[in-house]
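Colleague: Please take one part of this model and describe it closely, and then set it against the rest of the chain. I would appreciate having each criterion stated where it is used.

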Amino acid sequence: MASRLLLIGLILLLAAPGNFPAGEAAPPSPTVLIINSYNRGLPWTDEQTDGIISVLRNSGADPVFFVEYLDWKNNPTRENLRLTYELLKGKYAQKKIDIVMTTDDMALIFALQHRRELFSGAPVVYSGVLTSAAETITFDEPNVTGVYEVPDAAGTIKLAAALNPGLQSLYLLFDNTESGIASWMPVEVAAQSIKPGLAVVSLNNLSRDQIAAKLQTLPDDAAVLVSTYSSDADGNVMELERYVKFFAENSRVPVYILYDFETGYGAVGGSVLSGRRQGQEAAQLALRILAGERVADIAPVDPRDNNIVVDYRQLAKYRLSPEKVPEGAVFANKPYSFYEQHRQVIGTAATVIFVLAVYIVILMNSIRRRRVAESNLRKSNEELGSLYEEILASQEELQAQYESLETAKQALQKSEERYKLSFAGANDGLWDWDFLTDEVYLSERCAELLGLNRHKVKGLEVFLGKAVPARERRQLLAALRSHLEGKTPHFAFEYRINTPDGEKWILSRGKALLDETGRPVRMAGSITDVSERRAREALVQHMAFHDSLTGIANRAALNRELDTLITGADGERRGAVLFIDLDNFKGVNDIFGHSYGDSLLVVVSQLLRGVDDGRHFVARVGGDEFIVILQEDDRSRIAAYAEKLLALFANPISVNGKSFYVTVSIGLTVFPDDGTTVEELFKNADLAMYKAKELGKNRHVFFDRALDEAVRQKMTIERDLRDAVKNGEMRLWYQPYVEAATGRVCGLEALIRWQRPDRLVMPGEFIKVAEESGLIAPIGDWVFRTACVFVASLRRQWPVHPVVSINLSVVQLVRGDFVQWVRDTIAETGVSPQDIAFEITESVLMDSFEANVEKLTEVRRLGVRIYLDDFGTGYSSLKYLRQLPVDIIKIDKSFVDDLNAADGQREIIGSIINLAHRARQRVVAEGVETEYQLDKLIKFRCDYIQGYYYSKPVAQQDVPALLARLGVPEG
């Protein structure tokens, strides 16, 4: 009884008017798209997704979730990304997405590349991405924040050292992916900071079986740490938790881990990173964005509160003391007594038994009293029973007769009402054709649809009349004749009619009733107005092949048109494909906003369409890219047409009261000479367009096979360069710069070389590829660390030794932890900050000038020197010289070469040196090759000389001989 009263009270409370504000509509639910890099069922992926959904679902925002998987671990190919793009384009291109959540690297890259065209330009929140990778991927990307993946290598190593105080060696297991290689350095640094002298041994170049054999022979003072590992050196791919179990089964020493989903597979444990916590943190950032907070004001989160998890069984297996486990750690598989394991269940059971006992006593007392009352009632009931049965028999007979009559009456009334309502209220028009009288009865709706003012017409007038076009009239009569002759079970035909209200599309359907001789005697059917459906179909057809912004043809229409031309009936169609890209269009969006950018694209599409001479087809294929198909194979006329397009942009374009000076770059390819498929022609035209941009933009370039070969060569270099970084093929060479007055070496510039098996590769062949592919980051880190180690060794051999300068790239300078990275590397290598210098170019500084100057100033306070390289080729001015924290200016070789020119050009370098001295900075002249140049530079009071006159760059092992030959300044 008490439970029923409680339930009624809750219902009344929830139904109170104050709980549902009258007339107030619920806010729309936000749409959240979750894109996972890997597949469903992968614990790391599922935990992040569950963490995101649980926080957002419990926040009260009531979001609508869409979850997608790239399956990158099992299918890491461009084709997979292309197919995923097409799939998501069909699902989300027309759907409003409020926020995109990504897990791990590839999902973040995919979302940033396509969010504008697929995901409504929605903000992106990521999780599960290493700090360095996240900063590289999101560089210069707006509207993106997230949660860094920061494995706690230090916490795990502390646990291993606590359990085994005699630990001397740590065997590190990581694969050769970028994330795997990136995990090596944090472990190395953590190992040295926690236990100096601890040897870290990497097993990334061994196969699975070789690693198993190695682990079976490890000494007692060793331990194993599993980092990121999905494939061995032979390319065997397996889930990380299965690899952990495999390594643990084959290891004679404890195995430690960094991620919580690896727990329970034979590892002792570690300070583990939680995928669910990653997802929860990312969801908290998403809630802030959904609440209206600007994404630019939300910094990425760096959670560092990992839990220490220890497997009790593995402690026993390796004879490790549980007392040495840090306080607060979570034990897995720890044995407990039966009472400890079931304390809550036992307490609950005892309470339930007591309550049941009390309830049974009360129930038995109630039963006893009820039995007494039932006995008294039974006696009275028996006396009334006989009388009631007599009356009931008569009443039931009368009631049955009445109900039978009432049922028949109601059934008849409902049938009549149903017929009248369906006939009068149907949106379709109904007709009934009597073949004996040749009269057709029309419902009111049918007469209205046909534009008639009467309800009876003669025979075929219901189908034909004067309103049906002649061609469709013939087809309609053929369909009707076929049905009346018994060739089709039903009559159905869709056609146009002209009515006083305008043209309509109607669908006429019916069925004929035949007599015993097979002749029709009656036919009934309906007429439906399908004009709206026809209009929708026409609109869908138009939208499928037209760009929603500009109204011109889209990529689908372009593919259809070009495929038709290529595979024409005669097989001899010829023409050209022009790939048009607006130069610097991103600046319009960034400065004036996307509304101006969209309006500009509409004007550009109108300009391109206005050149139509009956031979071209214009389409927008995405962003600021347009393609024109020109039915012309003469290259001179194709070039003339391209010049005509370039001339369209000679004058400024007015958009919403503002003038924009816009130029375009055009790539041209001719078919079938350059290709016979749509994909090949698009690729070739795209290559030619990018070549036009490289040559200075605002021009056109024809495709040739050299462009394709250049791309293939670039891909080959990038592939080989990745192997080179992994295999340690990079080398540092050093070129000295000397005191102009004494000729003694005062500094060495570190220059990178690629030592291939067959030759030594100069940086000009691969640095640009490294910058475009992102490999410049690990290469730059390696150069700095290797140079620091070399300088530390010089200090031990030469009491007075030269400063070593390292070229700094923009990728390194824009790192958020740039200063800390410099400080940590100096501390780890033991080099003195006064012995190293950074060389930076003016172009690197000018991008985010104030922020870069602040970073360099802080590094300079550590004692590191700053050199300004290639001075005179960029933004050189006295104003910048006074603002920059620079110790030495290096004059570009082009000015040194001018010393051999006329007097006017010769004096320029003297002015530059004088300008630097006025700013209280010393000067290095680069590229000095002759004694004449040296004499002139000494005359102009140049401080230092660098060039072939004194020495070409030499390998690291030849530096001591170089210093012995040239000498160093006296201390």
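Modeller: Two strands are said to pair if DSSP finds at least two bridges between them; strands (E, at least two residues) and helices (H or I, at least four) are themselves DSSP runs, numbered from the N terminus. This is a predicted model, in which local features need pLDDT of at least 70 and side-chain atom pairs count only at pLDDT 80 or more, while totals for chains, interfaces and linings use all residues. Residues are numbered from 1 along each chain as its sequence is written, and side-chain values use heavy atoms, with hydrogens and water left out.

The part I have chosen is a sheet with mixed pairing, open and made of five strands in the order 20-21-19-24-25. Its edges are strand 20 (616–622) and strand 25 (700–702), each of which pairs on one side only. From one strand to the next the twist averages 20 degrees, where axes are lines fitted to C-alpha atoms (for helices over the stretch in contact) and angles run from 0 to 180 degrees between N-to-C directions. Six bridges connect strand 19 (residues 575–582) with strand 21, and this pairing is antiparallel. Within it, Val-628 of strand 21 stands opposite Leu-578. Helix 18 (residues 555–566) lies across strand 19, strand 20, strand 21 and strand 24 (664–671), and runs at about 140 degrees to strand 20.

Where strand 21 (625–630) ends, a loop leads on to helix 21 (635–647), and Gln-631 is found in this loop. Is Gln-631 buried, partly exposed or exposed? Gln-631 counts as partly exposed because its relative accessibility is 41%, given that buried means under 20% relative accessible area, exposed over 50% and partly exposed in between (1.4 Å probe, protein chains only). Neighbours within four places in sequence left aside, Gln-631 is in contact (heavy atoms within 4.5 Å) with Leu-565, Arg-574, Gly-575 and Arg-615. Although 40 residues separate Gln-631 from Phe-671 along the chain, their C-alpha atoms are 9.8 Å apart.

A second sheet offers a useful counterpart. Here too five strands form an open sheet, but the order is 2-1-3-4-5 and the pairing is parallel. Strand 2 (64–69) and strand 5 (144–149) are its edges, each pairing on one side only, and the twist averages 15 degrees from one strand to the next. Helix 4 (residues 105–118) packs on this sheet, touching strand 1 (31–36), strand 3 (99–103), strand 4 and strand 5, and its direction makes about 150 degrees with that of strand 4. Helix 11 (residues 275–290) lies across strand 3, strand 4 and strand 5, at about 165 degrees to strand 5.

Strand 3 has parallel partners in this sheet. Five bridges pair strand 3 with strand 1, one bridge partner being Val-100 for Leu-33, and four bridges join strand 3 to strand 4, where Ser-127 stands opposite Thr-103. Strand 4 (residues 124–130) is in turn joined to strand 5 by five bridges, with Val-144 as the partner of Val-124. In a regular strand the side chains alternate between the two faces of the sheet. Both faces of strand 3 are covered: Ile-99, Met-101 and Thr-103 are buried on one side, Val-100 and Thr-102 on the other.

Finally, the chain as a whole. The protein chain contains 34 helices and 35 strands, and 43% of its 971 residues count as buried. Its largest nonpolar core, a set of buried Ala, Val, Leu, Ile, Met, Phe, Trp, Tyr and Cys residues joined through side-chain atoms within 4.5 Å, has 77 residues, and Phe-838 and Ile-945 have the most contacts inside it. Helix 25 (residues 776–797) supplies nine residues, the largest share of this core. Another core, of 53 residues, lies apart from it and includes Tyr-171, Phe-174, Phe-246 and Leu-258. The structure holds zero disulfides, a disulfide being a pair of cysteine sulfur atoms within 2.5 Å. Cys-942 is buried because its relative accessible area is 6%, and Cys-746 is likewise buried, at 16%.
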